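Colleague: Got a minute to go through this one with me? I'd like to poke at the sheet and the aromatic contacts.

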Amino acid sequence: MSGAPSCLLIASSRGQRRLDPNASFPNSLRELPGIGRVLDWDLAALREAGVEDVRVVGGYHMEKIVRAWPGLPMFFHARWDAEGDAGALTVAAAALARAPLLVTTDRCVFRPGAVTAVLAAARAAELAVGWIPGEEEGALPEPVLVACGEDGARALREAAAAGPATASLARLVATVVEGGQVAAVDVPLGAEASRVTRRHELARFVLGTKAETLARLAPVLRAARILPQVRFTVADWDAAPAAQLARVAGELGQVSLVVRSAALAEDGLAASRAGAFTSVLGVDGGDPAAVADAIGRVVAAYADRGAADPRNQVLVQPAVGDVRAAGVVLTRKPGDGAPYYVMDLDRSSRTDGVTGGGEREAPVTVLVPRCTPQEAVADPLARRLVACARELEELVGLDALDIEVALAGPGEELVVLQVRPLTTGGSFELADEDLAAELGTARAQIVRALRPRHGLAGGAGLLGNMPDWNPAEILGLAPRPLAFSLYRRAVTDRVWAEARAALGYADARHVPLVVGIAGRPYVQVQASFHSLLPADLDPATAHRVVGAAVARLRARPELHDKVEFEVLPACADFAFERWTEALGPHGASADELRACRLAHARLTGRIVRGEAGPIPGERARLARLEALRREVVGASDVRATPAPPDPWDDLEAARVLLERLGPLGTRPFAVLAREAFVAMSLLRSLVARGALAPDDLDALLAAVPNVAGDLARRLGRVAGGDETLEAFLRHAGHLRPGTYDVLTPTYADAPELYLGPAALPGPVAAADPEVLAAARARLVRARADVARLAAEAGLEVDVDGLWHFVTAAIPAREEAKLEFTRTLSSALDLLGRFADRIDLGREALAHLTIDELLAVAVQGPHAAQVEEWRRIAGLNQKRMQLTRAITLPDLITGPEDVECVVLRQARPNFVTRAKVTAPPAFLDDADDPVEPSGRVVVCRRADPGYDWIFARGVAGLVTQHGGAGSHMAIRAAELGVPAAIGVGELIYARLRGARLVRLDCARERVEALP
């Protein structure tokens, strides 16, 4: 190549998206910490390297580039939203006729040295490609700068014109090189370039090694102390070890030392490799041989780990004395890069207590949104850590840091041990300002939701994501709009309260049970507690009891998924006196609790005797729902029914099903679920009072017919050839993991996924009448004890009535759940087919609310209806990114919980008393579920659609979300599968890296074994 090079910069692709589209802007205008605007930086780098002629091809919000750089020659890529770099280069084909030519994008920043290196390499070839590695294994490297001679520019232009127009610059370069049109030279740029959306790369773009960074910061950091250091390269050590030992002795003295790695490959672009190299703690600084040995071990580890380089450094510092706590502060959330300070400290004597991955006592993680004013952080230690992190960000000019800290001495002086780029933080696609605005809205919503409500007992309330109907388990923490709105419409807006009022509980029909906080579902605890007291309880007494229960839960937030077992009485049982101990300290008097017990005894007696919510009547409602579904859908499912000529008829059919789902599906399901809860409470209290042994209860539950056992038996028949898979799917093909999620395939959609040959069990024995008779005999043997305890509790219940109620209520609940989910699934299938037929698509459908759809079903669409839905769905998709990025606690006590989020280790709900150790099977890792046979299944949540796992012979089950009375707790108890339900975020995260999971239900322990 000869002559002055020109440059074509592609700036047409989507850049920084904002919730308000008018506030969005292209990558060229991104303000990067310590760098400034992307295009300003890149133009300066090009000009410093001698490239003056720069042309830009823009598309996404190009008008903003024109305003910012009015004199810059530009091309307009009109189809930027449907095309990629190939389309942009076709638009700018005239610029590609110039040579020598550089092609780059506004997705990267680079230094002048990168430009010089690529242009120098291009002197020997028609194409020189300066690149940085791909973000994922197997991904194409990202071309930062492509230098083209005349033939190279022509080859690139022809590849772009040949299509597809969506091809990236990486794919175009690969096509030219693989086709052999021109000779090409690769120029790895390493730290000379960075993607603008990868914060860890930007951090490494300006930071040096670990040791160099600490040395730069030590004299200027005010919020914490950085220990003195001696550093030298491997080459320095090899050349003069005695001189380096003398430096250590002279500068650090005869104190306990830490000898650490500071490799060039450490704290790098793609990964920090934290812990990959050797650190030696507690080295005697007065013993030169011990110091030399420690240094030798660090140096040897470089070669052992394939990173030998004479430029690698060794860092020697004094050890921190009297460590009171140690841990990490991340200035972005790991995983998604959301704007939070994440603080995880271990109060032990080890400075690697958190990063070493060891067991910790009472782990607590604290998250503070970056937008929170420092003075608003209530916790003093968190406030100190945030202040230190902000000062470090300002000093290094970066906002994605991984900081190791320790608290030393009685005054807990803050010591910074390490500062490195955060490599586990992804790209937060929206702006930090959008998340800050969403949190402001959430704070206001929390204030409104926690006010005392007219007509509800108790005072100010709480918000929880697991009490009552367990929305975190059923929907997940961040459900899509369609799923969330369906759940509210079908269950929690009104029908939940109608069902309880029909049984004789207090009326809460005027208050929705679940509200959205930043798009996340939360139960209004005050409404839940009010609805769990008998309607005939004196209002003043109800007010005091609910107030005491709210106070107890506020004091014991770990009980948020056990409220009906440990926070508030929801029925009478044989061990009611425990509530005096639970609620007395929080303001409920003995007389008030006695009145509550008597009212519950009257209500529970009516339920057990069938005087309230009689089971036959609720089953009749379900039969009417089944008849309606068959009339609307046909005898089979939606897939087997010909689509009507007019696709809008599918929307109308879905509307009809959803209109009747509440009174004919949700109502009986809610009634029967409450009755099954009463049955289980009575049985468990008999165990608590010694009338039944724990093994008696396990045997009784195993003997009662249940849906999960029936599904396993039918699958066994399929495996044995006694039933066809088609027949099984007609019965249970509607089930899907994620009951309300239209994007999740059902069993019938993907039988090979859930029910392939490996999934089918061997023959499973049918329910044995003799086993059921033996279970009844166990209860009959306790007749005298039951009579005595019933009289003591004021319950008009005997053994025969209890047996009849238990064996009717538990199976009826499961039958109701099956018909409820079958009708809901049919409605989802109709909606999905409708979206496909009008070219809306299911992804967009999932981001609309059911109210937006059904309103149009009634009033009719307008001419641009589908386009309007796409616009609404697009906005909701962007808001979903905020919902997923925001972290809120499981229990919200006030708006301040948004400013400082404390994640405590949960108290799991253990099922059975078995012990098992097995490899984990994580079901959240991929679209295809991991084969769980013989493994401990680990998943975030599990609704009825996950029942397929029990046919696989799983060793155990662990879920992040779920309560003591949740679907999976019930299933595991029925089938005798050891389980830990609702382990919470911290234990779940610890299991992620486990080779084995040890589940010891008797000792209530779940452990990750490395």
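Modeller: Sure, let's start with the sheet and then move on to helices and rings. Keep in mind that this is a predicted model.

Colleague: OK, what's the strand order in that open sheet of five strands?

Modeller: The order is β27-β32-β31-β30-β29, and the pairing is mixed. β27 (909-911) and β29 (920-922) are the edge strands, each pairing on one side only. On average, neighbouring strands are turned by 20° against each other, direction ignored.

Colleague: How many bridges join β27 to β32?

Modeller: Three, and the two strands run antiparallel; β32 covers residues 979-981. If you want a residue to click on, take Phe910: its bridge partner in β32 is Ala980.

Colleague: Which strands does α37 lie across?

Modeller: Helix α37 (residues 984-991) lies across β29, β30 (936-939) and β31 (956-959). Its direction is at about 125° to β30.

Colleague: And α36, is that mostly covered or mostly open?

Modeller: Mostly covered: α36 spans residues 967-975, and seven of its nine residues are buried. Among the buried ones are Met968 and Ile970, but also Arg971 and Glu974.

Colleague: What follows α36?

Modeller: Gly976, with a positive phi near 70°.

Colleague: Switching to rings. How many aromatic pairs does a search of the whole structure find?

Modeller: It finds 10. One of them is Phe232 with Trp237.

Colleague: Why does that Phe232 and Trp237 pair count as stacked?

Modeller: The planes are at 20°, which is under the 30 degrees cut-off, so the pair is stacked. The ring centres are 6.0 Å apart.

Colleague: Are those two buried or exposed?

Modeller: Buried: Phe232 has a relative accessible area of 2%, and Trp237 comes in at 11%.

Colleague: What about Phe922 and Tyr988, how are their rings arranged?

Modeller: That pair is edge-to-face, because the planes are at 85° and the cut-off is over 60. The centres are 6.3 Å apart. Phe922 is in strand β29 and Tyr988 in helix α37, so-called distant parts of the chain, 66 residues apart. Both residues are buried.

Colleague: Which residues form an aromatic cluster?

Modeller: Trp469, Phe669 and Phe820 form one.

Colleague: Last one: which residue lies over the face of Phe677?

Modeller: Arg674 does, at 4.8 Å from the ring centre.

Methods:
Residues are numbered from 1 along each chain as its sequence is written. This is a predicted model: local features need pLDDT of at least 70, side-chain atom pairs count only at pLDDT 80 or more; totals for chains, interfaces and linings use all residues. Side-chain values use heavy atoms; hydrogens and water are left out. Buried means under 20% relative accessible area, exposed over 50%, partly exposed in between (1.4 Å probe, protein chains only). Helices (H or I, at least four residues) and strands (E, at least two) are DSSP runs, numbered from the N terminus. Two strands pair if DSSP finds at least two bridges between them. Axes are lines fitted to C-alpha atoms, for helices over the stretch in contact, and angles run from 0 to 180 degrees between N-to-C directions. Contact means heavy atoms within 4.5 Å. Rings of Phe, Tyr and Trp (its six-membered ring) pair if their centres lie within 6.5 Å; planes under 30 degrees apart count as stacked, over 60 as edge-to-face and the rest as tilted. A charge sits over a ring if NZ of Lys or CZ of Arg is within 6 Å of the ring centre and within 35 degrees of the ring normal.
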